[in-house]
Amino acid sequence: MSASGRTSSATAPLARRRLLVGAAAGAAALTAGGCARGASTSAQPGTTSISNDNATWDDGYRAAGRELEKITGFALRPLSNPSVTSYQQVVQMTLQTSKASDLVKWASGYQLKRLARAGGLTDLTHVWEGYAAKGWVRGTSREAVSYRGKAFGIPLYESYYVLFYSKPVFRKLGLSAPGSWEQLLRCAEVLKRNGITPFLASQVGGWPAIEWFQELVSKVDPGFYGRLVAGEASYTDEPARQAMDIWHDFMRKGWMTPPDFDQARGPGALKEGTVGMFLHGTWQASGMSAAGMKPGTDYGAFILPTVRPSTPKSVIAESGVFVVPGRASSHEAAKANVGAWLTPSVQRVWSDFLQDSSANPTVRAGNPVVAELQRDIARNRRTALVRYWEASPPSLIQGNTNDLGGFMAGQTSPATTLRRMQERAHGEWAAWKRDEA
């Protein structure tokens, strides 16, 4: 996850790196000096350039681009900025200039709204509506790519937050993937009794502190979670207090890793059997493969059960987007490629590369663990909830993430943390609405 969705666990995401006035000269120098890997952003016949902050996806873009080229005549040419810190700055500074790339990888939700509000993005509403007519996008995700009623982004992928678990460890201890809250607690108790830390929890890089917060609040009351991130409920309300108390109890019982445990070590910890369950996005499936773990044999995954059986089922969803700068040098080619991006043949290649789910709901994941999660979401009609990082104004999310990190480090109590989060929410929502007027 990153400025535009996701990247390595050790890399901090978009809103943590605020655009600083004093950084303008440095960002301009980075742009002039060619901070991105690959060729310049200027037009090259038969290609569209992509600014992105995750070089590990370059081969995937090229492979998907070969499929796009069969449809549109244009391949994809990734330009990867190795410094996520400078990525946001460079994109925002070049967006309305001739130096803008043809496509830009970005985050959805309020991260996208903030970028659209600044101007310089192409209205992609007609592209979105074309996909919707074919059933190639989920109608519920429209809001996450829109600003003031217009769609400015096309989904790049779709990931879900789940608990990966070690199948060998679970088999050895006579455990199975829990389907209820009581079963989840039993799994944690058995793992702890056998010297295995039940859950991985981390604040390394800052943003991971949101993961357990969003999961627990949504599994206490998904409706409340939706109202909370929309600024229509208070962080000091009972559902949020209950979620924080559960989290605090898990930490006191020694069920969670120390907050300085790097998530990059997660797949290895599952493989070694030192950690039983790892809460993360389904995009981590590629990390499991890199660690030599086979899906369905060495690891499985499940969605966190609701705290009460009667609570409606939900899942936290994450999706990065492609946006098209209005002054892109190959503007028509870029629009053609975003207009074909969700074609099943393209998504089959892209989804297989990521080992994750496609934003096109008709494309089944090639990874059997992720495919089973897709079936679970459809079978149980789980409501997809926007990931906390993109669900509210960026400055509010960043400050609250810092507070959650302090809570994980034992610096504040659940009540104090929530009070600080609500105080910030009051001011930041007022500022966002004032800027919208």
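In this predicted model, five strands form an open sheet with the order E2-E1-E3-E12-E6, and the pairing is mixed. Strand E2 (75-80) and strand E6 (154-155) sit at the edges with a single partner strand each, so one side of each has no neighbour in the sheet. At the E6 end, that strand pairs with strand E12 (residues 320-323) in the antiparallel sense over 2 bridges, and Pro155 stands opposite Val321 in E12.

Helices pack on this sheet too. Helix H4 (residues 109-117) touches strand E3 (103-107) and E12, and its direction makes about 130° with that of E3. Helix H13, for its part, lies across strand E1 (47-52), E2, E3, E6 and E12, running at about 75° to E1.

H13 has a helix partner as well. The axes of helix H2 (residues 58-72) and helix H13 (residues 331-340) come within 10 Å and cross at roughly 110°. Angles of 65 to 115 degrees count as roughly perpendicular, which is why H2 is described as roughly perpendicular to H13. On the H2 side the contact is made by Leu68, Ile71 and Thr72, and on the H13 side by Ala336, Asn337 and Ala340. Sorted by type, the residues of this H2 contact with H13 come out as 4 nonpolar, 2 polar and no charged.

Now for strand E7 (residues 159-166). Here 8 of the 8 residues are buried, so E7 is largely enclosed by the rest of the structure. Ser159, Tyr161, Leu163 and Tyr165 point one way from E7, while Tyr160, Val162, Phe164 and Ser166 point the other way, and all of them are buried. As for neighbours, E7 pairs with the strands in this table:

| Partner of E7 | Sense | Bridges | Citation |
|---|---|---|---|
| E9 (residues 275-281) | antiparallel | 5 bridges | E7 with E9 |
| E10 (residues 299-302) | antiparallel | 4 bridges | E7 with E10 |
| E11 (residues 314-318) | antiparallel | 2 bridges | E7 with E11 |

Some residue pairs put names to these bridges. Tyr160 has Ala317 as its bridge partner in E11, and Val162 has His280 as its bridge partner in E9. Ser166, in turn, stands opposite Tyr299 in E10.

Helix H16 (residues 394-408) is another enclosed element: 14 of its 15 residues are buried, so H16 is largely enclosed by the rest of the structure. From first C-alpha to last, its 15 residues reach 21 Å, close to the 21 Å expected at 1.5 Å a residue. After H16 comes Gly410, with a positive phi near 80°.

Positive phi also turns up at residues that are not glycine. Arg148 has a positive phi of about 50° although it is not a glycine. This residue, Arg148, is found in the loop between strand E4 (146-147) and strand E5 (150-151). Exposed means over 50% relative accessible area, so Arg148, at 58% relative accessibility, counts as exposed.

Gln355 is likewise not a glycine, and its phi is positive at about 60°. Its place is in the loop between helix H14 (344-354) and helix H15 (368-379). At 22% relative accessibility, Gln355 counts as partly exposed.

How values were computed
Residues are numbered from 1 along each chain as its sequence is written. This is a predicted model: local features need pLDDT of at least 70, side-chain atom pairs count only at pLDDT 80 or more; totals for chains, interfaces and linings use all residues. Side-chain values use heavy atoms; hydrogens and water are left out. Buried means under 20% relative accessible area, exposed over 50%, partly exposed in between (1.4 Å probe, protein chains only). Axes are lines fitted to C-alpha atoms, for helices over the stretch in contact, and angles run from 0 to 180 degrees between N-to-C directions. Angles under 35 degrees count as roughly parallel, over 145 as roughly antiparallel, 65 to 115 as roughly perpendicular and the rest as oblique. Contact means heavy atoms within 4.5 Å. Ala, Val, Leu, Ile, Met, Phe, Trp, Tyr, Cys and Pro count as nonpolar, Asp, Glu, Lys and Arg as charged, and the others, Gly among them, as polar. Two strands pair if DSSP finds at least two bridges between them. The expected span of a helix is 1.5 Å times one less than its number of residues.
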